[in-house]
Amino acid sequence: MIWIGLIGAAFVLFIVGWLISRWMQQLPEPETQRTGRIIFWATVGLFVVWISADTAVSSIQQVPAGHIGVIYEFGAIRSQIGEGFHLIPPWQTSLQANIQVQRHHFDKLDAFSKETQDVFVAATLNIRVSPDAIQKLYRTVGPKYFEVLIAPRVHQNFKDETVKYLSVDIAPNRELIRKAVRERLERELSPYSIEVEDLLLENIDFRPEFKQAIEAKQIATQQALEQLARVEVAQRQAEQKVKQAEGEGKAIFLVAEQQAAANELLAASLTESLIRYALIQKLGSQIKVILLPSDQPFILGSEILN
């Protein structure tokens, strides 16, 4: 303890000054004896001032807002004091413990995916220690409880969660990973009265060569999808052309059938009189003579020329 050390130093100086003054007072010279007496009283005054100042400074303790003063006495925890100004025995010391929400950032926590690819996690953890449990925490774990309890658990919990997923599935499931790690931290830290206020998963990263491979795979997949889309479009266009050709063929077939039916109806309606009438309509009005081969029959009578 500092107070005890300073008191010890004061006693040593007092003994040295007392011995010097006593030795000088035993000398025969009156002037030397008078100097010895001055040294003695100066030593006494210095000793009193030293002890008083050291005791006053060691007894005054000021605890800032949001903190608890844990009182130690000869290495053992005795009590705690709240924020503000306090007077404690000088042989006791006070260690300030933060009970506010504490923010701790983790940069590049190394973890692994299901196929053992390296995964790097950046996260922020907000915690708070209960004021009623600070003595127990300091007594069982110590002031460095964050390095002993919290940091290793955060690292290990992220490892245990990321290894459940393939590398390509980690980013889409980052919220599930965050919730799982937070719930596990709450269960593991609650016996120590450490409250997990929040856990923020800021970034998930991989090695550069792995990211390049993923990017190349995505580009190849995109190109394959585009090619497949073009093939599908071509197939649909071909199907439309086939359907169009089938429709046109059916239309031609229907027209042919209708033409054949019309021809049949026309053939059935032809009579000799109708044929003659049609032939007469084709002849000009100035025709007087018609010459025909001798071996060809002539179905018109000569009266049509009159």
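The following dialogue introduces a predicted model, one feature at a time.

Visitor: How many helices and strands are there in the chain?

Guide: As this is a predicted model, each statement here describes the prediction. The chain contains eight helices and eight strands. It has 306 residues, of which 25% count as buried. The accessible surface comes to about 20600 Å², and carbon and sulfur atoms account for 59% of it.

Visitor: What share of the contacts between residues at least 6 apart in sequence joins residues at least 24 apart?

Guide: That share is 63% in this chain. One case of separation along the chain concerns Gln-135, a residue of helix 3. Gln-135 and Ala-97 are 38 residues apart along the chain, yet their C-alpha atoms are separated by 9.5 Å. Setting aside neighbours within four places in sequence, Gln-135 is in contact with Ile-77, Arg-78, Ser-79 and Gln-80.

Visitor: How does one read the pairing of strands, and in which sense do strand 6 and strand 7 run?

Guide: One looks for the bridges between two strands and for the sense in which the strands run. Strand 6 and strand 7 run antiparallel and are joined by nine bridges. Within this pair, Phe-106 stands opposite Ala-123 of strand 7, and His-104 stands opposite Leu-125.

Visitor: With which strand does strand 7 pair over 11 bridges?

Guide: That partner is strand 8, and the pairing is again in the antiparallel sense. Leu-125 has Leu-199 as its bridge partner in strand 8. Leu-125 thus takes part on both sides, with His-104 opposite it in strand 6 and Leu-199 as its partner in strand 8.

Visitor: Why is strand 7 described as largely enclosed by the rest of the structure?

Guide: The description rests on burial: strand 7 is largely enclosed because 10 of its 12 residues are buried.

Visitor: Is His-104 buried or exposed?

Guide: A residue counts as buried when its relative accessible area is under 20%. His-104 is therefore buried, as its relative accessibility is 17%. This residue belongs to strand 6, which covers residues 102-112. Beyond its neighbours within four places in sequence, His-104 is in contact with Ala-123, Thr-124, Leu-125, Ile-127 and Phe-146.

Visitor: What should one look for in the hairpin of strand 6 and strand 7?

Guide: One may examine the residues between the strands and their backbone angles. This hairpin has five residues between its strands. Thr-116 lies in that loop and has a phi near 65 degrees, a positive value in a residue other than glycine. Thr-116 is exposed, because its relative accessible area of 63% is over the 50% cut-off.

Visitor: Where is Ser-193 found, and what is its phi?

Guide: Ser-193 is found in the loop between helix 6 (174-189) and strand 8 (194-206). Its phi is positive, at about 60 degrees, although Ser-193 is not a glycine. Ser-193 is partly exposed, with a relative accessible area of 27%.

Visitor: Which residues have the most contacts inside the largest nonpolar core?

Guide: In soluble globular proteins, nonpolar side chains tend to be buried together. The largest nonpolar core here has 37 residues, and those with the most contacts inside it are Leu-125, Tyr-138, Tyr-145, Ile-150, Val-154, Phe-158 and Ile-194. Several elements each supply at least two residues of this core, among them strand 6, strand 7, helix 4 and strand 8. Tyr-145 is in contact with Asn-98, Gln-102, Val-129, Leu-137, Tyr-138, Ile-150 and Ile-194, leaving aside neighbours within four places in sequence.

Visitor: How does one check the span of a helix, and how far apart are the end C-alpha atoms of helix 2?

Guide: One compares the expected span with the distance between the ends. At 1.5 Å a residue, the 30 residues of helix 2 should span 44 Å, and the end C-alpha atoms are 44 Å apart, which agrees. The buried residues of helix 2 are Gly-36, Thr-43, Phe-47, Asp-54, Ser-58 and Ser-59.

Visitor: Which residues does Ser-21 contact, beyond its neighbours within four places in sequence?

Guide: These are Gly-36, Ile-39 and Phe-40. Ser-21 lies in helix 1, which covers residues 2-25, and is buried, with a relative accessible area of 1%. Its side chain also reaches the backbone oxygen of Trp-18 at 2.8 Å.

Definitions and conventions
Residues are numbered from 1 along each chain as its sequence is written. This is a predicted model: local features need pLDDT of at least 70, side-chain atom pairs count only at pLDDT 80 or more; totals for chains, interfaces and linings use all residues. Side-chain values use heavy atoms; hydrogens and water are left out. Helices (H or I, at least four residues) and strands (E, at least two) are DSSP runs, numbered from the N terminus. Buried means under 20% relative accessible area, exposed over 50%, partly exposed in between (1.4 Å probe, protein chains only). Contact means heavy atoms within 4.5 Å. A polar contact is a pair of N or O atoms within 3.5 Å; within protein, one must be able to donate a hydrogen and the other to accept it, and residues adjacent in sequence count only if both atoms are side-chain atoms. The expected span of a helix is 1.5 Å times one less than its number of residues. A nonpolar core is a set of buried Ala, Val, Leu, Ile, Met, Phe, Trp, Tyr and Cys residues joined through side-chain atoms within 4.5 Å. Two strands pair if DSSP finds at least two bridges between them. Accessible areas come from the Shrake-Rupley method with a 1.4 Å probe; for residues, only the protein chains shown count as cover.
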